[in-house]
Amino acid sequence: MCGISGIISLSNKKIQFLEENLNKLNSLLHHRGPDNQDIWMSSDFRIGIAHTRLSIIDLQKRSNQPMISNSGNVISFNGEIYNFKSLKKNLQVNYKFRTNSDTEVILAGYELNGENFFKELNGMFAFALWDRKKKKLFCVRDRFGIKPLYYSIIDNNFFFSSEVKALIP
């Protein structure tokens, strides 16, 4: 049970205190992922993604999140993709994997097949994926909402989190 969260400016402006706010989101979600916590911020401080990790699949540090793909896309993922091994087998023809995680399978699938790949995911999950080139954020959850994903717009900034309590402050 990982914790995912982040902030994106809807006005294309630099977010004040972005790092401080991301660290605060992580501290509020620490109980969801005691094995690791980290943040990623864009160089223009317009978006930031935070993650607290509970290590289950691929316990190595290489699978810590937010995870950055070969082309610079970023993901924070909570859940489990049940069919990730079969998806990975098909994707590895065109993608060089660095981990054994289901998280990287989502990144690779998106890079090779675009957002239509999300329909192929079978599992319980919620994730936020930042497409660096398109400057587009995807917030996705499983069809039944087993893994929660909450959001709010405050002062022209879009906040998201796997728990409501992280959005309240």
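## A tour from Glu163 to the cores

Select Glu163 to begin: leaving aside neighbours within four places in sequence, Glu163 is in contact (heavy atoms within 4.5 Å) with Leu29, His31, Arg32 and Tyr150. You are looking at a predicted model, where local features need pLDDT of at least 70, side-chain atom pairs count only at pLDDT 80 or more, and totals for chains, interfaces and linings use all residues. Residues are numbered from 1 along each chain as its sequence is written, and side-chain values use heavy atoms, with hydrogens and water left out.

Glu163 sits in the segment after β9; strands are DSSP runs of E, at least two residues, and helices are runs of H or I, at least four, both numbered from the N terminus. Is Glu163 buried or exposed? Its relative accessibility is 16%, so Glu163 counts as buried (under 20% relative accessible area; exposed is over 50%, partly exposed in between, with a 1.4 Å probe and protein chains only).

Now click Val164, also in the segment after β9 (157-161). Val164 is partly exposed, at 40% relative accessible area.

Next, select the largest nonpolar core (buried Ala, Val, Leu, Ile, Met, Phe, Trp, Tyr and Cys residues joined through side-chain atoms within 4.5 Å). It has 22 residues, and Ile75, Ile106 and Phe127 are among those with the most contacts inside it. Colour β5 (74-81), α2 (84-91), α3 (102-113), β6 (123-131) and β7 (136-141), the elements that each give two or more residues to this core. Of these, α3 gives the most, with five residues.

Finally, pick out a second, separate core of 13 residues, including Ile8, Trp130, Phe158 and Phe160.
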